[in-house]
Structures are given as structure tokens and as C-alpha cells.
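I opened this notebook page to keep track of what I looked up, chain by chain and then across the chains.

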Amino acid sequence: MSQPAATGLDGTAVPAASGRWRRSGAELSPRLLGVVMNLPTMATLTLVLAYPLFYAAFLSLHKVTPGELRRGIFPWVGFDNYARILSDPLFILALEHTLIFTIVSVTVEIVLAIAIALLIDQRQVWTSNVTKLLILVPYAVPPIANGLIWSFLYDFNFGFLNRILFTLGLIDQPIDWVGNPRTALLALTVPYVWRTLPFAILLVHAALQGIGRELYEAAGVDGAGALRRFWHITLPLLRPIIVVILVLRTSFAFAVFEEVLAITQGGPGDATWVAVWYSYKRSFAPPFDIGVGAAAAYVLALIVGGLAIAYVRLIYRPVD
Amino acid sequence: MRKSHLARLALHAANLLVIGFFMLPLAAVTIGALQSEKSLEASTRTVLPPEWTLDNFRVILSGGAQTGAIFQSATYLPDNVKKIYYALGNSIVIASSVTLLTLVFGSLSAYTVARLRLRWVVWLMNVNLFARFVPIIVLMIPLYVTFRQLGLLNSIWSVIIALTGFLLPYGVLILAPYFATIPRELEEAARIDGCSRFMAFVRITLPLSGPALASYGAIVFIIAWNDLLIPLILNNRAEFMTLPVVIASLVGDVHVFFNLMMAICLLALAPSVILVMVLRRFVIEGLVAGAVKG
């Protein structure tokens, strides 16, 4: 089934309408065709989405540590794993950090996205076109490379940020960007916003293109200034796309991982433990407690799942 | 609308600020990769190094065999980096396979959403919309256990299967709306000529959907190329690592200095950045379509 589609996809010419393709005698009914054409997708989604989702719930209710993994028998423990994480101060702390991280990075991102989208919309300013050209670059950088690059930027002794500030004569002592437990989490939001901002800018920019010039011209005739035009015309019309960005970015920011791994590894102390980091460390580092890791991941999924339902309700309305 | 001189100046300044922010990490990674450990350590208050060198790349790409003038004293190179060609090969094979599989599977599903009026297909679409929100860690813990029990850890196939599944939902979201914009009459004409429903799709609609396929393909390739969590959890032997996993393995290795790290980062980010610049228009259209439509 996948073979003919593949030939069509890479652009190679499919043989001209020869007898081979013309045989229409054995055509499938739409109903059956729908099933057959969806088989590969359904099989894949069942294997890596539906099944793991249920299996994760199963694992979170069982004792799964290296010993059990070796034997292949997972004893039932009920809600013990959940009780353990919910009474673990570190998990609560990680959830708090995740929440702070998400609120800060998403807020900053939406404000910057609107500002930069308006900026690159100024086509008569040539530097705006340069900005527009470069906007996608951060999107392509691998998150883990981004993290490592920022750990170089932030480094106390050899870091690039301190070098710049020294060269500009702005400091005479190096700054410890991520060494301070109070500000380490905020320092993490900068690389994250850097990498994920392009997506938000593009969405706002696309929405801006949909706003008719006539609206602004009419407002101009009425004598409305730029600020009032923004507040009363642009912003209300951008509201739907802002909601989309808000929901999408919030659910992704809840799952931040790579930047934490590369820049702080949860430190200093436990100042930057976030939810996915907790789940990852519990499962794949000592004590290798997969049951607890799965329970922590499930709590995260339930939080994000609530957001997803809100999103689907907001965005996906059947076509009238 | 004409702008005053001052307004133009302010806009230029704002643009420079944004460009500076976006280019800052790229400047850091490039300058860091093109100098020696010695020069990074010698002057810690200057931006540009006293001398430039390609020795970092020489060391990495020769797997530590060629050390170059500045590395004569340093003999240590992590095993994962010595086997960088495995990582490079795995990254290419995984990203390409995932792109091909998601394009084929996604096109097939998207067609049924766009053209066949079946109620359960709409339901499948909702599953796809929902799927993008599931944090990958929730799926990777059970997949790790399953693949472990089946003896499938340390294989690129498990990574390909997992990534294909995680990236398929975007395909229906991006492709189905595009297929729907292609006039149904074209397919109907082909059917009158004797094509089956399926062949009419493959020969008429699919070739006309180049832009959407390019959008989706480019996005999938970049995400697959960049992904860390899936291969990090499933594969821990150097032969099966991808470039992001090798990069992650350098974190906390006190013997590897920033110059080598930056050189590897540059090697890993160059292909996806170049791809995004070449296919810029398609990537933008795909990102917007995948987020808003559907």
C-alpha cells in the first residue's frame, strides 16, 4: 500500500496511464478504503501513543525497579507511587518550578512575539526584512545544542556573556549567571524563549496579514493615534491567535527538559528541578524507580491534558 | 504610510536589538568552535580569540586520530565523540526514515480526512489534535520498559518507530486542509478516465500538494534531527547514539572543554539551520497551518 504513494511523493514520474492503473473493476468502497488507508497511521499510533498511555498508568500503579525489570514481574502497589511523589517535597518543588518557568517564559514570549511581529511587518524599513529572514534560525537549532551553547554563554569563568560585558566595559567582575539559586530558573527561561520565540512570532505575523488595511485607514481618518489603533484594532483581532499560542506554548513549556539538562542539571542545589527532570531522574538514574517516574509523568500528563481539552474546544469546531 | 526620520531610526534600532538577540548564541558557538582551549583560558575578558583554528573539527572528524598542533598535549577524547560518524550516520538515517514514513502514512490518513466523509475519521482527527499535547516523557517510560522486555533497546528502529508515531499527528493537521483545497473535480475527471479512487489521489492530488508535503517533510526532518529524549532513553551505546545524544553525554564531562563542545554543537545545528533557510517559505506555512487549521 505504501509503495505507490512513495513513488508519487519523491516526484518521480508514475508511469503514464497504462492498463496497470486503469483496472477499476476491483475498487474498494469508500468505507473500506478509509480503513485500509488509515491502517499504517492507526497501527503506529496504537503502538507508540495509545498503548504507552495505558501502560504508563499500569506502571505507575506497580513497583517497577531494576529487580522487577529483571524478573519481569511487577507487584501491584495501588496508589503508593502517587502517595510517595505527592509527599516528596522535591516533586512539589519541581511542580512549582515548572509553573513559574511556564508562566514567565510564556508571558515574555507572547509580549515579544507581538512586538517583533509588528516590527517585521514594517516592510519599508530594510532592517525589518533582515530580521524576518533570520527569524526561523532558532527554530532549527537542536534544543540540547541550544542548552550547551547557553551554558557556554553563561559560564562564570570563560563565558561569552561576561566577555561581551567586559569588552563593553560594563562590568569589572564576572557575573555568575546560573550559579545563584534565586535566579537560575529565570536564567533558564532566556534560552528557552530564544528557541521557541520564532513559532510564536510567525503565528502572530500570519494573523497580522489577515487584518485589512481599510480598518487602519478608517481609524486614521477618525484621527486615532498608533497606540490607540493597536489597542482597539490590532490587539482584539489578534486575540484568537494569542489564545492558540498561549495554550500550545504552555503545554510545551510544562515539558521543558533539554535546556535544564544542558545548563543546570537541576542545580544549583535543587533550584531548577522541573517536572520532566524529576520524572527522568527518578526513572533513569538511581534509584531507577520507573513506577515513581511513571506516576510523576502521569501527573504532568493530566495537567497538560486538561489544557489540551480546552484547546480542542477552542480551536476545533466542526465546519458549518 | 510615510514615517518620520526619528521613527525610522527607532525601528532600525529595534531591529538591530532583535537581530543581536537571535544571533548571540550563533556568534558564541562559532567563535567558541574556532579557537583552542588554550586561547579560551588565556584571555577570559575578550570576545575574539588571539588566533583562529579549525583544529577542533580536525580532532572530532578524525575520531581523535589527528590531534592538530594545539591538541598535542591533550589526548583525551570521549569515546562517544571518537565514534561521531556512527552518530552522524544514525542521525541521517533516523531523520530521513522518519520523514519518509510520516509523509507516506500522513498522506494516506490526510486523504481520508479530506475526501472520504466518514464519521470515525473525524474522531481520528480529534485524537491527532489531542496527541500533540501528551508530554513525550509519559510515553517514553512505558516504551522503554516494553522495548527493554523485547530486547529492542539500542537499535535505531525503535527510535524510528517512536518518532514516526509522535510526528504523525502533525501530518494530518498540515496535509488534510491542503488536500481539501485541491478541486475535487480533478480527481473525478481521472476517475471517469478509469482511475480508482486511490490512484486518482496518488496521481492527481498528491503531485499538486508539493508545497504541503515540503512543509510537513521539512518540519518532521528538523524535529527528528533535533530530538533528544527518545534516543537518549532508548539507546545508550555509542554505535546507536544520535548527534543530540552525543552532545548530551558531554554535559558534566569535566575533561571536555567548551571549544570541543561548541564545535560538536555547530556540526549538529548546521544541517537543520541550512535546511530551514532553504525551505523557509514551506516551514513557515507548515507551522502556521499545523497550529491554526485542522
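The entries below begin with the two chains and go on to their contacts.

**Entry 1, the chains.** I noted at the outset that this is a predicted model, and I read every entry with that in mind. I looked up the secondary structure of chain A and found 16 helices and zero strands, and for chain B the record of elements came to 15 helices and zero strands. In chain A, which has 320 residues, 42% are buried, while in chain B 52% of the 294 residues count as buried. I also looked up how far along the sequence the contacts reach: taking contacts between residues at least 6 apart in sequence, 70% in chain A join residues at least 24 apart, and in chain B 74% do. For the extent of chain B, I wrote down that its C-alpha trace spans about 75 × 70 × 35 Å along its principal axes.

**Entry 2, two places in chain A.** I looked at helix α15 of chain A, residues 275-284, and found it mostly covered, with nine of its 10 residues buried. Among the buried residues of α15(A) are Trp277(A), Tyr278(A) and Tyr280(A), and the list also includes Lys281(A) and Arg282(A).

I then turned to Arg239(A), which sits in helix α13 of chain A, residues 226-253. Is Arg239(A) buried or exposed? Arg239(A) is exposed, because 10 other C-beta atoms lie within 10 Å and a residue counts as exposed at 12 or fewer. I also checked Arg239(A) against Val137(A): the two are 102 residues apart in sequence, and their C-alpha atoms are 26 Å apart in space.

**Entry 3, chain A against chain B.** I looked up the interface and found 98 residues of chain A in contact with 95 residues of chain B. On the side of chain A that touches chain B, helix α3 of chain A (residues 30-60) gives the most, with 18 residues. Sorted by class, that side of chain A has 72 nonpolar, 21 polar and five charged residues.

**Entry 4, one helix pair across the interface.** I picked out helix α9 of chain A (residues 143-154) and helix α1 of chain B (residues 5-33), whose axes come within 9 Å and cross at roughly 80°. I therefore entered α9(A) as roughly perpendicular to α1(B). Which residues make the contact? From α9(A) they are Asn146(A), Ile149(A), Trp150(A), Phe152(A) and Leu153(A), and from α1(B) they are Pro25(B), Ala28(B), Val29(B) and Gly32(B). By class, the residues of this contact of α9(A) with α1(B) are seven nonpolar, two polar and no charged.

**Entry 5, the domains of chain B.** I took the domain bounds from the domain assignment, which gives domain 1 (5-74) and domain 2 (80-292) in chain B. The C-alpha centres of domain 1 and domain 2 of chain B lie 31 Å apart, and 13 residues of domain 1 are in contact with 13 residues of domain 2. On the domain 1 side of that contact, the elements giving two or more residues are α1, α2 (37-42) and α3 (55-61) of chain B, and the largest share, four residues, comes from α1(B). I closed the page with the classes on this side of domain 1 of chain B, where I counted five nonpolar residues, seven polar and one charged.

How values were computed:
Residues are numbered from 1 along each chain as its sequence is written. Chains are lettered from A and ligands numbered from 1 in the order in which they are written. This is a predicted model: local features need pLDDT of at least 70, side-chain atom pairs count only at pLDDT 80 or more; totals for chains, interfaces and linings use all residues. A residue is buried if 20 or more other C-beta atoms lie within 10 Å of its own, exposed if 12 or fewer, and partly exposed in between; C-beta atoms are placed from the backbone. Two residues are in contact if their C-beta atoms, placed from the backbone, lie within 7 Å. Ala, Val, Leu, Ile, Met, Phe, Trp, Tyr, Cys and Pro count as nonpolar, Asp, Glu, Lys and Arg as charged, and the others, Gly among them, as polar. Axes are lines fitted to C-alpha atoms, for helices over the stretch in contact, and angles run from 0 to 180 degrees between N-to-C directions. Angles under 35 degrees count as roughly parallel, over 145 as roughly antiparallel, 65 to 115 as roughly perpendicular and the rest as oblique. Domain bounds come from an automatic or database domain assignment.
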